[in-house]
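Let's take a walk through this structure together. Please have the viewer open, and pick out the residues as they come up.

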Amino acid sequence: MNRGEWNGNFADVIALKMKQTSIILISIIFSCVLFSQEARSVQGAFGAVTIDGKIWNQIALRPVIPIWKFGVALDLVLYIDQDGNIHKDEWDFSSPSAIKNTLIDKIYYVRFGYRTDPVYFKIGALDRVSLGYGILVNGYANTVLYPQVRKVGLEWSVKNKLLSVQGFVNDFKENLGLVGLRVERPLMPGTPVGVSVILDRNQYLGLKDQDDDGRPDLVDDFPNNKFYWVDSDGDGIADNDPLEWDIDGDGITDTLDSRIPGWTLDTTIVLDRDILRRDEPLNIKEDRDPVGAIALDIGFPIVVESNMSVSIYAQAAKMIGKTWDPEKKKKVSTGSGIIPVGIATRFGPARFNLEYRMIPRGRFEFGYWNQSYQIERASISTSGEGTGQAGNVTAIITKESSLGRYGPLKGFYALLSLDLGKLIMAEAAYQNLSGEIWDEDTQEFSYSPNQNFYANLKLQKSISRIKTAKLFYQQRNVPNLFSFEFTESTIMGYRLGLALGSGMVLTYTYQRTFRDLNGDGDVKDENEMVNLTAIETSFTF
């Protein structure tokens with residue numbers, strides 16, 4: 001047995017052992033669910049969901065198991081299409097890496113304590129993560145594309161009177177792709193000072209890669225086969241497939257060798273010495289593009305009462321990376337943002353923040369890591385022309401590379417939230433900056449507003465037959481919010497649950513996002529609007 005065969009057999013044995021271990025672990029999970037004596041609940045559901053533009057039937061089991069201060073919620077789901085095929089991503093035991101991801105995907109969350117507790121952590125779905133006053137991380141979520149894209153992250157905090165430490169990780173399947181850390185301690189009694197550090201070690205990890213070959217699906221001619229990824233002539237046979245005799249499809253057989261039926265000679269004769277091949281696509285396992293940032297903030301309380309508080313604060317942040325300057329036609333360093341003064345108030349259930357914001361030299365975005373970051377993180381622009389399924393790649397666009405379009409800006413930001421206990425939670429935020437922004441039409445920086453808006457309304461208590469209700473909308477970095485010119489930062493949707501009787505609830509979920517697939521700066525073209533819909537009937541037992 002040669003070395004390659006031994007390595008292959010060893011990998012197969014490891015994969016088999018991990019698969020057996022996975023089955024045992026899943027069996028243990030079911031046993032804990034069925035026989036736990038704690039006040040647990042198990043929700044079952046069936047219905048339909050849209051994944052990658054295709055409708056799948058859904059059968060799900062979602063147990064919630066409380067153990068002391070822990071809360072464990074699992075997501076055991078099968079997606080079945082009209083032909084009876086099972087969506088394999090959630091139950092893939094083909095390799096050690098796939099087994100790891102399959103097991104991780106079964107966790108919706110594991111939680112210890114609550115955010116206000118001295119010790120808190122949550123593993124799994126992260127719905128809204130912010131660090132400090134939010135100059136860098138403000139409302140980040142790894143669930144924005146769920147269930148189409150499943151991520152299992154970590155949010156944690158440890159605090160006492162002398163020190164507070166908070167952090168998050170976006171996804172363990174990315175092997176800690178995006179991480180954030182904040183440390184806060186009082187400079188003097190009642191005057192907290194905080195330092196935050198964020199690092200996205202590879203923005204390309206935001207590109208979907210179904211077969212885990214390192215080539216993102218958008219540039220992979222064989223997105224479901226990890227051994228093939230380039231098809232130069234678009235004939236359905238990979239360039240490195242032994243059955244591909246004419247790589248560039250020019251009608252000339254590339255070589256005469258043992259692959260050709262009837263060829264009996266031991267020699268190889270080269271017939272085509274001018275083979276036109278497509279370039280090798282991006283490999284996210286080897287090619288990297290990191291981006292990071294650091295921030296400093298300080299607060300000072302003015303009024304502190306049981307039901308009322310007023311404080312002032314200041315923040316400054318610096319992005320660490322390179323962006324494209326459209327005027328200088330070269331990469332330049334990213335910029336910084338300053339909030340010289342902000343005021344935070346709380347009156348009973350209402351909270352209000354007001355900030356003055358400045359971007360002195362441009363190339364910066366406040367709340368860079370926000371709800372839409374997983375969408376904007378990285379995208380691939382293709383011409384849709386040429387050979388191969390994936391078309392010709394014209395650009396890899398990261399969110400960092402788009403910061404160069406912002407020149408010096410200044411303005412204000414306001415946030416208002418209302419939490420009426422168990423009834424309604426409402427939140428709205430608005431930013432209005434003005435200054436220089438790159439104009440693609442005139443090819444120069446010109447004066448323009450830059451506006452953001454975010455709103456979230458959630459019903460926290462049943463009203464008649466309405467069991468759950470949620471409405472949300474986000475639009476960022478547009479000159480006029482009321483023109484409704486959607487971008488990749490736009491997210492909108494709702495979730496509505498209606499009681500049917502006998503403990504059954506009909507839930508309808510809808511979300512709309514956008515992807516700029518051809519890199520033309522808008523999201524108006526075909527397939528650039530992404531709708532996620534799910535209809536399910538759930539019951540608790």
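## A starting point: Arg 476

Does Arg 476 count as buried or exposed? Arg 476 counts as buried, because its relative accessibility is 10% and the cut-off for burial is under 20%. Keep in mind as you look that this is a predicted model.

You will find Arg 476 in strand 26, which covers residues 466-478. Setting aside residues up to four places away in sequence, Arg 476 touches Glu 365, Phe 366, Gly 367, Asn 370 and Ser 372. The list of its contacts also includes Gln 451, Asn 452, Thr 487 and Ser 489. Thr 490 is 14 residues from Arg 476 in sequence, and their C-alpha atoms are 6.8 Å apart in space.

## Confidence along the chain

How far can you trust the coordinates? The average pLDDT of the chain is 85, and 87% of the residues score at least 70. Two stretches deserve some care. Residues 1-8 stay under 50 in pLDDT, and the model gives them 2 contacts beyond four places in sequence. Residues 22-38 are also below 50, with 18 contacts in the model beyond near neighbours in sequence. Where pLDDT is low, the predicted coordinates should not be read in detail.

## The overall picture

The chain has 541 residues, and 44% of them are buried. Its secondary structure consists of 3 helices and 29 strands. Taking contacts between residues at least 6 apart in sequence, 55% join residues at least 24 apart.

On the outside, the chain exposes about 28,000 Å², and carbon and sulfur atoms supply 60% of that area.

## Inside: the cavities

Rolling a probe the size of a water molecule over the atoms shows where empty space is left. How many cavities of 30 Å³ or more does the structure hold? There are 3 of them, and the largest has a volume of about 80 Å³.

If you would like to select the lining of that largest cavity, the residues are Asp 75, Asp 105, Ile 107, Tyr 108, Ala 125, Asn 142, Thr 143, Tyr 146, Val 149, Arg 150, Lys 151 and Val 152. Sorted by class, this lining has 6 nonpolar, 2 polar and 4 charged residues. The charged class takes in Asp, Lys and Arg, and the lining includes Asp 75, Asp 105, Arg 150 and Lys 151.

## Two loops with positive phi

Trp 68 is found in the loop between strand 2 (54-67) and strand 3 (70-74). Its phi is near 60°, a positive value in a residue other than glycine. Is Trp 68 buried or exposed? Trp 68 is exposed, because its relative accessible area is 69% and the cut-off for exposure is over 50%. Phe 112 is 44 residues from Trp 68 in sequence, while their C-alpha atoms are 8.9 Å apart in space.

Asn 175 offers another case: its phi is near 55°, again positive in a residue other than glycine. Asn 175 lies in the loop between strand 10 (164-169) and strand 11 (178-188).

## Ser 164 and its contacts

Ser 164 lies in strand 10. Which residues is Ser 164 in contact with, leaving aside its neighbours within four places in sequence? They are Val 158, Lys 159, Arg 182, Val 183 and Glu 184. A separation of 9.4 Å lies between the C-alpha atoms of Ser 164 and Pro 186, which are 22 residues apart along the chain.

Definitions and conventions
Residues are numbered from 1 along each chain as its sequence is written. This is a predicted model: local features need pLDDT of at least 70, side-chain atom pairs count only at pLDDT 80 or more; totals for chains, interfaces and linings use all residues. Side-chain values use heavy atoms; hydrogens and water are left out. pLDDT is the predictor's confidence in each residue, from 0 to 100. Contact means heavy atoms within 4.5 Å. On a 1 Å grid over the protein atoms alone, a cavity is a set of points where a 1.4 Å probe fits but cannot get out, and a pocket is an open set with protein on both sides within 12 Å along at least five of seven lines; lining residues have an atom within 4 Å of a point. Grid points are joined across faces, edges and corners, and a volume is the space filled by probe spheres set on the points. Helices (H or I, at least four residues) and strands (E, at least two) are DSSP runs, numbered from the N terminus. Buried means under 20% relative accessible area, exposed over 50%, partly exposed in between (1.4 Å probe, protein chains only). Accessible areas come from the Shrake-Rupley method with a 1.4 Å probe; for residues, only the protein chains shown count as cover.
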